[in-house]
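Here are some exercises to help you practise reading a protein structure. Try each task yourself before you look at the solution.

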Amino acid sequence: MGAGIVEVFARNGIPVVAVEISEAALERGRAHLTGSTDRAVARGKLAEADRDALLGRVTFAVGLDALRSVDLVVEAVPERLDLKRRLFAELDRICRPEAILATNTSSLSVTEIAVATTRPAQVIGLHFFNPAPVMKLVEVVRTVVTSADVVADVEALCGRLGKVDVTIGDRAGFIANALLFGYLNQAIGMYEARYASREDIDAAMKLGCGLPMGPLALLDLIGLDTAYEILETMYRRGGRDRRHAPVPLLRQMVTAGLLGRKSGRGFYTYERPGSAKLVPDEHTPNPADGAGREIAKVGVVGTGPLAAGLAEHLAKAGYQVVPATADVLAPLADVDLVVEAVDDEPYAKTAVLAGLDEVCQPGVVLATTTSTLPVIELAMATGRPADVVGLHFFGPDAAGPLVEIVRTIRTSAQTTDTARALSAALGRTGVVCGDRAGFIVNALLFPYLNDAVRMLEAGYSTVEDIDHAMKLGCGCPSGPFELLRTVGLEVALTIQRRLYQESREPGLAPAPLLEQLVTAHAEV
Ligand code: 3HC
């Protein structure tokens, strides 16, 4: 993070003194900087002369004495309050009285850091996002004592750095981490519980929400030790929301030295420490495993856009498609697989599943497209729950690139394999998950949206700044409020209620503001 911040300043013509605690640490930082700038040259993004000029603006030094004459210090040491407070007290002693002291803390109290100095009015949060040279956002955190001039100067500086700033108060996790880390922790919980594989959790969020990276790959980028510290702080400072209590697996991984990209291994394995290049390991799925049953003829039940879309996609993929309605299932007597896409309503779905059980040959895979009902309830309407699987397509006509394949506690491995093979034949990525409310995507997405509404409700920030922060800090294609407008507040509330009802997790209770907006038919 420190090396990335150095690069941001030097790229924008500002001389930087890069300070580390030891020669070895300094060398690592220098290697980061040269690695990043060399890559930019190799990709044709930076001229060689500009790279040399950039590096020429950086002075490397061990020890804080080198900071005597600087105008601004940005601290990016590990995320521990005692360490940061000690460092700021030292900086206060060494730096010029006019110098601004900024912390890149992700979640610690800027106020507590500021009061370790004799100049709290000149202490501010300047929170960059990883990778710092790429992510456009900087969160400027003002405490109750930060002077208005210092805030204005730092905001102007962000402009010079080509960054977009949002200025906010001193609250755990600020905007972006406060919304991001509950989601990341929940994804670790899914992985720990073997609810879905790491590849499937990540693919689901990339393809289902258009995110640049899945949550587990992002944790590897952030660093699992950093993530652990942030979650700990968020839990303590942020109202002891259990969703921020680090999932035990995270602590085990940190203890075992699996810190993410920087150590060469985290949730995934990398070519070498510091590399972004994935290499296969013992958890990497083998595409040759589990081909499933041979499928040639597919029945599609339903008359709506989902059924029509599915029939079209299946026919294009080379399957022989037999359409049927909920009332007349007889044409499905000799198909290999059936996808039912009738109304997502328990009576209609149960009746269709029971009807299919009567009509279809033994061994036929029965897929239901529910997005809200427990698949096991539908499976138990048949006498063959091992052959029943959920298929959650995205988009009203199943045009999205993702399919969630929901296996119940009774679904056979062969049925799941068949569903995965069918998804692949349709040109979709199939991700397999357990039979819980929201499957993968909705279970991870909607609590995050609900948290954004809570943040707005608490008056911490505005709709625009929250949207900005998530787009520019985390590469989300749209902000949470833009997404809520697209999905519809009523749909969001229904899904959130279901997640809450199933989990009874207090933090998942719908935000009162969301309830009120829906009641009032208002927009956000
Ligand atoms: N350092 C410098 N530049 C980097 C980089 C790095 N570590 N990684 C990628 N880049 C550059 C590449 O050189 C490339 O530049 P170019 O477009 O000028 O050629 C550009 O970023 C895109 O990189 P790639 O093509 O290799 O890869 P992607 O398109 O997949 O993008 C990514 C990589 C920018 C990391 C993207 O996946 C992303 O936006 N991910 C989300 C990151 C995120 O959420 N960050 C926030 C984490 S939370 C945080 O930092 C807060 C803290 O408190 C924990």
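The exercises below go from the whole chain down to single residues, and the model they use is predicted.

**Exercise 1. The whole chain**

Task: Find out whether the radius of gyration of the protein chain agrees or disagrees with that of a compact globule.

Solution:
- Step 1. Begin with the length: the protein chain has 524 residues.
- Step 2. A compact globule with 524 residues would have a radius of gyration near 24 Å.
- Step 3. The protein chain has 26 Å, which agrees.
- Step 4. For a second view, take the box along the principal axes: the C-alpha atoms fill roughly 85 × 50 × 40 Å.
- Step 5. Now look inside: 20 helices and 16 strands make up the list of elements, and buried residues account for 51% of the 524 residues.

**Exercise 2. A strand and its partners**

Task: Decide whether strand β5 is enclosed or open, and say which strands pair with β5.

Solution:
- Step 1. Strand β5 covers residues 123-127, and five of the five are buried. Buried here means under 20% relative accessible area.
- Step 2. Check the two faces: Val123, Gly125 and His127 lie on one side, with Ile124 and Leu126 on the other, and all are buried.
- Step 3. Because five of its five residues are buried, β5 is largely enclosed by the rest of the structure.
- Step 4. Turn to the partners. Strand β4 (residues 100-103) pairs with β5 in the parallel sense over three bridges, and Ala102 stands opposite Ile124.
- Step 5. Strand β6 (residues 137-141) is joined to β5 by three bridges too, but these two run antiparallel. Here Val140 is the bridge partner of Leu126.

**Exercise 3. A covered helix**

Task: Work out how many residues of helix α1 are buried and what they pack against.

Solution:
- Step 1. Helix α1 spans residues 2-11, and eight of its ten residues are buried.
- Step 2. Name some of them: the buried residues include Ile5, Val6, Val8 and Phe9, and Glu7 is also in the list.
- Step 3. Find their neighbours: the buried residues of α1 pack against several elements, among them β1 (16-20), α2 (23-42) and α6 (148-160).
- Step 4. See what comes next: α1 is followed by Gly13, which has a positive phi near 80°.

**Exercise 4. Backbone angles that stand out**

Task: Compare Phe174 and Arg240 by phi and place, and say which is buried and which is exposed.

Solution:
- Step 1. Recall the background: most residues other than glycine have a negative phi, and most peptide bonds are trans.
- Step 2. Phe174 has a positive phi, near 50°, and Arg240 also has a positive phi near 50°.
- Step 3. Locate both: Phe174 is in the loop between β7 and α7, while Arg240 lies in the loop between α10 (224-237) and α11 (248-255).
- Step 4. With a relative accessible area of 0%, Phe174 is buried. Arg240, at 52%, is exposed.
- Step 5. As an extra, look at a peptide bond: the one from Asn130 to Pro131 is cis, with omega near -5°. Pro131 sits in the loop between β5 and β6.

**Exercise 5. A glycine in a loop**

Task: Which residues does Gly169 contact, leaving aside its neighbours within four places in sequence?

Solution:
- Step 1. Place Gly169 in the loop between β7 (164-168) and α7 (176-192).
- Step 2. The contacts of Gly169 beyond those neighbours are Val141, Arg142, Phe174 and Tyr460.
- Step 3. Link this to earlier work: Phe174 is the buried residue from Exercise 4.

Notes
Residues numbered from 1 in each chain as written. Predicted model: local features only at pLDDT ≥ 70, side-chain atom pairs only at ≥ 80, totals over all residues. Heavy atoms only, no water. Helix = DSSP H or I, 4+ residues; strand = E, 2+ residues; numbered from the N terminus. Rg over C-alpha atoms; globule rule 2.2 N^0.38 Å. Buried < 20%, exposed > 50% of the residue type's maximum accessible area, 1.4 Å probe, protein only. Pairing = 2+ DSSP bridges. Contact = heavy atoms within 4.5 Å.
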